[in-house]
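Biologist: Could you take me through one spot in this model up close, and then show me how the rest of the chain sits around it? Keep it casual, but walk me through the reasoning.

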Amino acid sequence: MLVFAHRGASATAPENTLLAFNLAFEQGAQGIEFDTYQHAGGIVVFHDKTLSRTTNGTGALLDTPFDHLRLLDAGQGQKIPTLTETLATLPRDRWCNIEIKHLDNVTKWVREVKQALTAQGINPQRLLISSFNHHWLKAISAQWPEVKIGALTASYELLPFTSAKILRAYSVNIALDIANREFVDAALEAGFKVFVYTVDNDEDMKMLKAWGVTGIFTNVPQRASQILASNQ
Ligand code: G3P
Ligand code: MG
């Protein structure tokens, strides 16, 4: 089961920062998950719509000029990273999951992501693009058919995996709260990989591994790596 560090090693370093991503890999994570906004100045890595919870700034991220964003302290002297800076932390054999929180120009977004991958020499085979907004994923998939899509969800559809099927998704990424064995079995049976977020508890990690889940997103990648290694 793959261990993805959720927002980096976010239990021990400020979330969605280069410190958290570097630490995640040091702690044995096979991948990182991070949140992104398409800002007028470029794609930036950030979770909230507003700045106050995780930086010393105030107001909405998208209303803040790029140069000002980059002056903010995101904790322990860290800056809000760009996508390119974040991808630069990625060892060649590891995965990354770009979660999209905001997108307004798909063509520009695809171009920027491809350029960032090329600049860092990253193999797109270990890249997963996810979002709760499946319309954005559909638009990306139309322009970039070979990219792996993760249909992120916190709910059960009336007709199982409808979005994932339309998107020809690589995976369904489901909230731990609603994950159950039946869902996991059905998703795997339908040909989808299954990722579960956010899994910080030892017993949940062991249970999901026993269910055959493909990967988890965790704030404690070191703990997860230890638990899974001792539970072969
Ligand atoms: O991608 C899984 C998870 O990160 C989705 O929720 O709010 O932590 O971005 P959130
Ligand atoms: Mg996320």
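Modeller: Thr 218 sits in strand 9, which covers residues 215–218. Bear in mind that this is a predicted model. Is Thr 218 buried or exposed? A residue is called buried once 20 or more other C-beta atoms lie within 10 Å of its own; Thr 218 has 29 within that distance, so it counts as buried.

Who does Thr 218 touch? If you skip the neighbours within four places in sequence, the contacts of Thr 218 are Val 3, Ala 5, His 6, Thr 198, Val 199, Asp 200 and Ala 224. For a sense of the fold, take Gln 27 as well: 191 residues separate Gln 27 from Thr 218 in sequence, yet their C-alpha atoms are 12 Å apart in space. Across the chain, 55% of the contacts with a separation of 6 or more are between residues 24 or more positions apart.

Strand 9 also holds Ile 216, going by its range of 215–218, and that brings us to the core. The largest nonpolar core has 65 residues, and Ile 216 is among those with the most contacts inside it, along with Phe 4, Ala 24, Ile 32, Val 172, Val 194 and Val 196. Helix 1 (residues 18–26) gives this core its largest share, six residues. Val 196 is worth a click too: leaving out residues up to four places away in sequence, Val 196 touches Ile 174, Leu 176, Ala 179, Leu 208, Val 213 and, back in our strand, Ile 216.

For another view of the packing, go to helix 5, residues 134–143, where His 134, Leu 137, Ile 140 and Ser 141 are the buried residues. Those four span an arc of only 115° around the axis, so they are on the same side of helix 5. His 135 and Ala 142 are exposed on the other side. What do the buried residues of helix 5 pack against? Their partners are helix 4 (106–120), strand 5 (127–131), strand 6 (148–153) and helix 6 (162–167).

Now zoom out. The chain has nine helices and nine strands, and 43% of its 232 residues count as buried. Its C-alpha atoms fill a box of roughly 50 × 40 × 35 Å along the principal axes. The radius of gyration is 17 Å, which agrees with the value near 17 Å for a compact globule of 232 residues.

Notes. Residues numbered from 1 in each chain as written. Chains lettered and ligands numbered in written order. Predicted model: local features only at pLDDT ≥ 70, side-chain atom pairs only at ≥ 80, totals over all residues. Helix = DSSP H or I, 4+ residues; strand = E, 2+ residues; numbered from the N terminus. Rg over C-alpha atoms; globule rule 2.2 N^0.38 Å. Buried ≥ 20, exposed ≤ 12 C-beta atoms within 10 Å, placed from the backbone. Contact = placed C-beta atoms within 7 Å. Arc of directions from axis to C-beta. Core = buried A, V, L, I, M, F, W, Y, C linked by C-beta atoms within 7 Å.
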